[in-house]
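Please open the model in your viewer and keep the sequence panel visible beside it. The stops below say what to select next and what is there.

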Amino acid sequence: STLFPYTTLFRSAREGGGNLDDVVKLTVFLTDLSHFSVVNEVMAEHFNPPYPARAAAGVAALPKGVPI
């Protein structure tokens with residue numbers, strides 16, 4: 001699921017006493033760069049402007065076979 005990495009991020013921020021407004025940069029690894037539009041949709045839904053800086057990298061595979 002596209003949301004899985006974000007739910008992990010949400011939980012980690014909360015457990016550390018922060019929230020998503022504290023995030024300043026994300027690095028996203030994708031096995032299919034055509035999914036980048038989905039990443040943008042999720043970011044727009046869960047982050048407030050100004051959005052964190054982000055970088056995306058295409059990779060052959062990720063642990064546990066996840067796409068993002």
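Helices (H or I, at least four residues) and strands (E, at least two) are DSSP runs, numbered from the N terminus. The model is a predicted one, in which local features need pLDDT of at least 70 and side-chain atom pairs count only at pLDDT 80 or more, while totals for chains, interfaces and linings use all residues. Residues are numbered from 1 along each chain as its sequence is written, and side-chain values use heavy atoms, with hydrogens and water left out.

**The whole chain**

Begin with a cartoon of the whole protein, in which you should find 2 helices and 2 strands, following the pattern α-β-α-β when read along the sequence. The C-alpha trace spans about 35 × 25 × 15 Å along its principal axes. The radius of gyration, taken over C-alpha atoms, is compared with a globule rule of 2.2 Å times the number of residues to the power 0.38; for 68 residues a compact globule would have a value near 11 Å, and the 12 Å of the protein agrees with this.

Now colour by pLDDT, which is the predictor's confidence in each residue, from 0 to 100. The mean for the protein is 87, and 93% of its residues reach 70 or more; among the elements, H1 has the lowest mean (82), whereas strand S2 (residues 53–58) has the highest (92).

**Strand S1 and its partner**

Select S1 and show its side chains, remembering that buried means under 20% relative accessible area, exposed over 50%, and partly exposed in between (1.4 Å probe, protein chains only). The side chains alternate along S1, with Leu-26, Val-28 and Leu-30 pointing to one face and buried, while Lys-25, Thr-27 and Phe-29 point to the other face and are not buried.

Add S2 to the selection: S1 and S2 run parallel and are joined by 6 bridges, where two strands pair if DSSP finds at least two bridges between them. Stop at Leu-30, which lies in strand S1 and has Gly-58 in S2 as its bridge partner. Leu-30 counts as buried because its relative accessibility is 0%. Measure from its C-alpha atom to that of Phe-47, 17 residues away along the chain, and the separation should be 19 Å.

**The nonpolar core**

Which residues make up the largest nonpolar core? Select Tyr-6, Phe-10, Leu-20, Val-23, Leu-26, Val-28, Leu-30, Val-39, Val-42, Met-43 and Phe-47, 11 residues in all. Helix H1 (4–15), strand S1 (25–30) and helix H2 (36–46) each supply at least two residues of this core. Here a nonpolar core is a set of buried Ala, Val, Leu, Ile, Met, Phe, Trp, Tyr and Cys residues joined through side-chain atoms within 4.5 Å.

Within this selection, centre on Phe-10, which is in helix H1 and counts as buried because its relative accessibility is 16%. Contact means heavy atoms within 4.5 Å, and, not counting residues up to four places away in sequence, Phe-10 touches Leu-20 and His-46. Moving on to Leu-20, and leaving out residues up to four places away in sequence here too, you will find that Leu-20 touches Leu-9, Phe-10, His-46 and Phe-47.

**The loop between H2 and S2**

Finish in the loop between H2 and S2, where Pro-49, Pro-50 and Pro-52 are found. Is Pro-52 buried or exposed? Pro-52 is buried, with a relative accessible area of 6%, and, leaving aside its neighbours within four places in sequence, it is in contact with Val-23, Val-24, Lys-25, Met-43 and Phe-47.

Pro-49, by contrast, counts as exposed, at 61% relative accessibility. The C-alpha atoms of Pro-49 and Asp-21 are 8.9 Å apart in space, although these residues are 28 apart in sequence. Now look at the backbone that follows: the peptide bond from Pro-49 to Pro-50 is cis, with omega near -5 degrees. As background, most peptide bonds are trans.
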